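Student: I'd like a close look at one part of this model: the salt bridges. Could you walk me through a few of them, with where the partners sit and how exposed they are?

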Amino acid sequence: MNVTLFGLGYVGTVTATCLAARGHRVVGVDTDSGKAAAVNAGRPPVIEPGLEELLARAVESGALRATESVRDGLADSDLSLVCVGTPSATNGSTDLVQVRRVVGEIGATIATSDRPHTVVIRSTVPPGTVDDVVVPLLEQASGRTIGSDLQVAMCPEFLREGSSVADFFGPPFLVIGGAPAAAAAVRELFGFLDCSVHVVETRSAESVKYACNAFHALKVSFANELSRLYRMLDVDSRQVMDVFVQDRQLNISPAYLRPGFAFGGSCLPKDLRSLLYLGRMNNVDLPVLEASLATNEMLVREVADRILASVDDAATNPAHNRRVALLGLSFKHNTDDLRESPNVTLAEILIGKGLDVRIYDQVVNPAQLSGANLRYVQARLPHLQKVLHDDVAEALCGAHVAVVSSADRAVADAVVAAKPPVVLDLSGRLGAPLETLDGYQGVGW
Ligand SMILES: NC(=O)c1ccc[n+]([C@@H]2O[C@H](COP(=O)([O-])OP(=O)(O)OC[C@H]3O[C@@H](n4cnc5c(N)ncnc54)[C@H](O)[C@@H]3O)[C@@H](O)[C@H]2O)c1
């Protein structure tokens, strides 16, 4: 393909070079005349292992050249790849000045041609940027509308400085956001990569990149925070983490990474509190672990607020029906352990606000609760016996809102049959049968 690549920084130079090395004809465009000149002289403007040799060969073969002129860069082009910087503004927002400028220039230049063109955003941009900023700008500047002769896609970059050439050729995946024709052009561009391809909504493609970087930052902070505490406790945190990463079932795995409801139960909150206490005793601040408890509590409050707002919404609830069915009470599926269950907290809040709460849980039987479990529920939900129903249809009868915390398929089927006006799915697992309902609202879906 004939590719024009905007921004010869770390991402742009590596991408331009590697694409040229795999048979594309690439013209790099940069406003920095020194960078364009360096590339044309066969010298990379950034230092990366393996780049110098690859770039020199690409320039020598004629597959790669650089220019300061947008018009020159786009003279014979099928596709623009935007790799300009998206730095932080002083208030933390993403400065899109470079992206806006390049997109405007691409639009103005292709306005004078009738050759079809695809614009691919490779820079890291906040969710919504392509739809809300790039597309309108491009349409206005080019006089075209997105469709047959103008395509736009988002395709985030995952390389790391220091190993960028190796990362470019061996990415974790290729993520593409955009219409099928745009996605097809991006697939063709990166056809030489041996990795999975995920074509998703444009906003998701933008967001995956932020999720990855936030998670990487969280991992570093988590390990370092624990090691600051463990040092004070005379624990070898490297040994701990060497073992920790061996767990591929729960630790280094997809487990616990599905959006849904809050965590709870007899272990996670208790053991987090224990670590926080040890931190206090040893004068070690543990903001990451503290935030984990705080954000968990925040989620319960937000869900309670959403339920209360649904009940109070006169437009959807003209009869002021205050009945809510809570389907699932324990902290997770297939256990009757109610200790620190976020569903118990939710029930407490809603009952406290005067809602008519009916609870169903296929496993919880108040007559069989004992020990700490029984004491916990007696303290938090003394009237559990009165609000607990042993038939899911009965719990749902006449409810304005169904809150689904169970992963039981029979519960989903009962909700589908009852069709309550509002269905809040906290299970994170039952999306498909419930999503067909008019009043469906997911948490994290
Ligand atoms: N650096 C990384 O490791 C990395 C990894 C993945 C994604 N990203 C993302 O990729 C994007 C680029 O990052 P980078 O580190 O390569 O940035 P960079 O600052 O090194 O390079 C940006 C380049 O764009 C050029 N430029 C600015 N305005 C221009 C214009 N109007 N026309 C042509 N060129 C223009 C600049 O002169 C500069 O050479 C950012 O959005 C970044 O978040 C970076």
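Tutor: Sure, let's start with arginine 101 and glutamate 105, whose side chains meet in a salt bridge at 3.3 Å, N to O. Keep in mind that this is a predicted model. Both residues belong to helix α5 (residues 97-110), and they sit four residues apart, about one turn of the helix. Glutamate 105 is partly exposed, with a relative accessible area of 25%.

Now for a pair that reaches across the sequence. Aspartate 131 makes a salt bridge with arginine 203, and their closest N and O atoms are 3.3 Å apart. Aspartate 131 is in helix α6 (residues 129-142) while arginine 203 is in helix α9 (residues 202-232), so this pair ties together parts that are 72 residues apart in sequence. As for accessibility, aspartate 131 comes out at 36%, which counts as partly exposed, and arginine 203 is also partly exposed, at 38%.

Next up is aspartate 167 with arginine 160, a salt bridge of 2.9 Å, N to O. Here the two ends fall into separate classes: aspartate 167 has 12% relative accessibility and counts as buried because the cut-off for that is under 20%, whereas arginine 160, at 52%, counts as exposed because it is over 50%.

There's also a linked set: Asp76, Asp78 and Arg115 are joined into one network by salt bridges that share partners. To put these in context, a search of the whole structure turns up 18 salt bridges. The general idea behind them is that side chains of opposite charge can pair when their charged atoms come close.

Note on methods: Residues numbered from 1 in each chain as written. Predicted model: local features only at pLDDT ≥ 70, side-chain atom pairs only at ≥ 80, totals over all residues. Heavy atoms only, no water. Salt bridge = Lys/Arg side-chain N within 4 Å of Asp/Glu carboxyl O. Helix = DSSP H or I, 4+ residues; strand = E, 2+ residues; numbered from the N terminus. Buried < 20%, exposed > 50% of the residue type's maximum accessible area, 1.4 Å probe, protein only.
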